[in-house]
Amino acid sequence: MSLITLTPNGLYCEKANVYIDPWRKVDKALITHAHSDHARKGMKSYLSHHLSVDILKHRLHKHINIQGIEYEKPIVINGVEITFFPAGHIIGSSQIRLRDKHECWVISGDYNISQDELIESFIPVECDTFVTESTFGLPVFQWEDPSIVFEEINKWWKENQSNNHPSVISAYSLGKAQRVIQNIDHSIGPVLTHPAVENINKIFRNSGVNLKSSMVVSDQQQDMLNKSIIICPPGANDSAWLNNIKNHKFAFASGWMALRGTRRRRNAEKGFVLSDHADWNALNKAVALTQAERVFVTHGYTKTFSKWISEKGIESSVLKTLFEGESLDVSNIMV
Ligand SMILES: [Zn+2]
Ligand SMILES: [Zn+2]
């Protein structure tokens with residue numbers, strides 16, 4: 001019997017009796033990170049990186065039974081050693097390694113190998129079997145250095161400011177929003193937020209994360225709004241909240257902005273290609289660094305990426321999971 005199997009409840013390690021990011025109610029869930037396709041309600045107990053604990057309480061229920069763990073501090077359950085490693089995707093995001101005497105598996109969760117000062121950097125972890133995401137697993141997805149993208153955002157903001165337009169930018173409330181806040185130039189003007197974003201910011205600041213300052217949009221004068229950049233979740237476009245911000249310019253920050261037509265369909269005047277996931281080259285690099293003999297692929301362009309890996313002589317197949325990857329839809333963003 002394999003150390004990890006795919007069951008109707010999710011990825012399961014029978015020997016340790018734990019599930020990894022399960023999608024049905026189980027007793028013990030190891031959680032890679034707090035995005036809603038990986039962390040669901042109703043588990044009897046949760047184990048996650050300690051910086052995900054308060055976010056999970058906020059999103060799932062304040063009384064969930066949850067324990068936090070540090071990176072690279074293994075625990076052993078019935079002969080299975082379980083270790084969390086940084087995944088570089090959002091604050092607290094983890095890859096999880098499970099190994100016994102015979103097998104060594106790494107479940108990547110979502111990951112990003114580029115550096116960000118807020119997020120502990122991705123560490124490649126050697127294993128026999130690697131379960132990788134492939135949200136952006138097509139060669140068309142090649143990210144620019146994020147510092148160039150943040151410069152573009154600064155430039156757009158300054159331009160809007162000089163024409164008396166508030167700059168509204170849509171970014172995931174958990175992850176992307178904090179990266180934008182940390183990396184834009186606060187000397188340009190006030191940095192304001194939608195309440196869903198500010199709630200997450202507060203939790204991180206209370207957990208000791210050194211996130212730069214931001215303030216929720218309330219009854220600020222139009223003069224001040226015109227100088228501001230305002231960060232909102234993707235679900236807030238076309239909302240009454242957004243309509244109240246008069247005369248604004250609107251932009252999306254997402255990896256999907258690399259696809260022609262996405263920006264237009266989303267009614268955004270501007271799209272910034274900024275993702276919290278690995279691009280095509282980074283996925284390939286990560287897979288190679290694990291030195292895995294076998295690679296299972298989840299999320300996004302699974303078939304294409306799995307076929308590509310197989311052609312390089314590594315055993316590979318698609319795992320059918322309920323993980324969703326980076327979405328521009330409302331459902332998992334307004335939480
Ligand atoms: Zn995620
Ligand atoms: Zn995901």
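## Zinc site

Donors are N, O and S atoms within 2.8 Å of the metal. In this predicted model, the zinc ion (ligand 2) is coordinated at 2.1 to 2.6 Å by NE2 of His38, NE2 of His299 and two OD atoms of Asp110. The angles among these 4 donor atoms run from 53 to 124 degrees, and the site is irregular because four donors count as tetrahedral only if all angles lie between 85 and 135 degrees. Asp110 also bridges to the zinc ion (ligand 1), and the two ions lie 3.8 Å apart.

Along the sequence, the donor residues follow the spacing H-x71-D-x188-H. His38 lies in the loop between strand 4 (28–30) and strand 5 (45–49), whereas His299 lies in the loop between strand 18 and helix 9. These two histidines are 261 residues apart and link distant parts of the chain; both His38 and His299 are buried.

## Helix 8 and its surroundings

Helix 8 spans residues 280–290, and its buried residues include Trp280, Leu283, Ala286, Val287 and Thr290. The buried residues of this helix pack against strand 11 (129–133), strand 18 (294–298) and helix 9 (302–311). Just after helix 8, Gln291 adopts a positive phi of about 55 degrees.

## Crossing of helices 3 and 4

The axes of helix 3 (residues 176–183) and helix 4 (residues 195–206) come within 10 Å and cross at roughly 75 degrees, which means that helix 3 is roughly perpendicular to helix 4. Helix 3 contributes Ala177, Gln178 and Ile181 to the contact, and helix 4 contributes Val197, Ile200, Asn201 and Phe204. Of the residues in this contact, 5 are nonpolar, 2 are polar and none is charged.

Technical notes:
Residues numbered from 1 in each chain as written. Chains lettered and ligands numbered in written order. Predicted model: local features only at pLDDT ≥ 70, side-chain atom pairs only at ≥ 80, totals over all residues. Heavy atoms only, no water. Buried < 20%, exposed > 50% of the residue type's maximum accessible area, 1.4 Å probe, protein only. Helix = DSSP H or I, 4+ residues; strand = E, 2+ residues; numbered from the N terminus. Contact = heavy atoms within 4.5 Å. Axes fitted to C-alpha atoms, helices over the stretch in contact; angles between N-to-C directions. Parallel < 35°, antiparallel > 145°, perpendicular 65-115°, else oblique. Nonpolar A, V, L, I, M, F, W, Y, C, P; charged D, E, K, R; others polar. Donors = N, O, S within 2.8 Å, 3.2 Å for Na, K, Ca; no water. Tetrahedral: all angles 85-135°; square planar, octahedral: opposite > 155°, others 65-115°.
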